[in-house]
Amino acid sequence: MKKIRKYKFYMFCMILIISLLPLNGYALEVPDADRTGSISVSLTEDAAGNQLSAYRVCEIKEDDGNYSFAYTKEWADCVWPLDELESAQFCEYLLGYVSEHSQLPSEKVVIDNNGYGAFLNMQTGLYLVVQSGGPGKSIISPFVISIPKSKGETWNYDVDASPKTELSTMPDSPPPPEPPIIHTGQLNWPIPLFAISGLLCFALGWYLCFGRRGFGDEE
């Protein structure tokens, strides 16, 4: 009987270790690539009448549960590596691409008298937003933004882009953008914690099975 009890406890420890190690601690739900969202911009009254254009540069791609950006077919000739979206030159590169491809599709909106504008019913992806005309006194610096953006443990599909814009009288020197990057929502910090916990359980089980005198002796 003692031998049977010993091996039952040993199997329990091994099952516990196996069940703990694969846990990775997901903090974000996966983004819904088929859902639509919006980009809103709140500026000053000086920007009233200015027209903004939003270019969908990238779409969201899913690969075995991992989500990332991929250039749309209209932007397929881009050679900028998508793992360097936070580079200060990325926005400048996209502006150059727009100037060389005049037929790129875009959504347009005009800033109202209150300094507000919104792009509605937008597909998920990475967008370049630029000022494309208008009588407003201020110049709106181009910026890059994504739909959706992470918000705590969820995704926000109605994005407020106001912090991403600035008003400037120097249209040739926009500030470098800091575009948000889609994350897979996977956290790696719990892995070593669960691994250590599993080893401790294994050590405890080994001690109880073989370390205590007489525990594993057969009758």
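**Rings, sulfurs and strands**

Modeller: Both tryptophan 75 and tyrosine 97 are buried, and this holds in a model that is predicted.

Colleague: What does it take for tryptophan 75 and tyrosine 97 to be called buried?

Modeller: The word is used for a relative accessible area under 20%, and both tryptophan 75 and tyrosine 97 meet that condition. In the protein chain as a whole, buried residues make up 37% of the 219 residues.

Colleague: How many aromatic pairs does a search of the whole structure find?

Modeller: The search finds four aromatic pairs. One of them joins tyrosine 55 and tryptophan 75, whose ring centres are 6.3 Å apart and whose planes stand at 70°; since the centres must lie within 6.5 Å and an angle over 60 degrees counts as edge-to-face, this pair is edge-to-face.

Colleague: How do you know that this pair links distant parts of the chain?

Modeller: Tyrosine 55 belongs to strand β2, whereas tryptophan 75 sits in the loop between β3 and α2, and the two are 20 residues apart. Both tyrosine 55 and tryptophan 75 are buried.

Colleague: And what makes the pair of tryptophan 75 and tyrosine 97 stacked?

Modeller: Here the ring centres are 4.7 Å apart and the planes are at 20°; the limit for the centres is 6.5 Å and planes under 30 degrees apart count as stacked, so that is the name this pair receives. Tryptophan 75 lies in the loop between β3 and α2 and tyrosine 97 in helix α2, so the pair ties together parts that are 22 residues apart in sequence. Through these ring pairs, Tyr55, Trp75 and Tyr97 are linked into a cluster.

Colleague: Why is there no bond between the sulfurs of cysteine 58 and cysteine 78?

Modeller: A disulfide needs two cysteine sulfur atoms within 2.5 Å, but the cysteine sulfur closest to that of cysteine 58 is the one in cysteine 78, at 7.6 Å, which is too far for a bond. Starting from cysteine 78, the closest cysteine sulfur is that of cysteine 58, again at 7.6 Å and too far. By this rule the count comes to zero disulfides.

Colleague: How do you know whether cysteine 58 and cysteine 78 are buried or exposed?

Modeller: With under 20% as the limit for buried, cysteine 58 at 0% relative accessibility counts as buried, and cysteine 78, with a relative accessible area of 9%, is buried too.

Colleague: What makes strand β2 and strand β4 a pair?

Modeller: Two strands pair if there are at least two bridges between them, and β2 (residues 51-63) and β4 (residues 107-110) have four, in the antiparallel sense. In one of the positions, glutamine 51 has valine 110 in β4 as its bridge partner. Strand β2 also pairs in the antiparallel sense with β6 (residues 125-133), over seven bridges, where leucine 52 has glutamine 131 as partner. With β3 (residues 66-71), β2 forms six bridges, likewise antiparallel, and glutamate 59 stands opposite alanine 70 there.

Colleague: Which strands are called edge strands in the sheet β5-β1-β11?

Modeller: That sheet is open, consists of three strands in the order β5-β1-β11, and has mixed pairing. Its edge strands are β5 (116-123) and β11 (158-160), and each of them pairs on one side only. Strand β1 (residues 36-42) runs parallel to β11, joined to it by three bridges, and serine 38 stands opposite aspartate 158 in β11.

Key. Residues are numbered from 1 along each chain as its sequence is written. This is a predicted model: local features need pLDDT of at least 70, side-chain atom pairs count only at pLDDT 80 or more; totals for chains, interfaces and linings use all residues. Side-chain values use heavy atoms; hydrogens and water are left out. Buried means under 20% relative accessible area, exposed over 50%, partly exposed in between (1.4 Å probe, protein chains only). Rings of Phe, Tyr and Trp (its six-membered ring) pair if their centres lie within 6.5 Å; planes under 30 degrees apart count as stacked, over 60 as edge-to-face and the rest as tilted.
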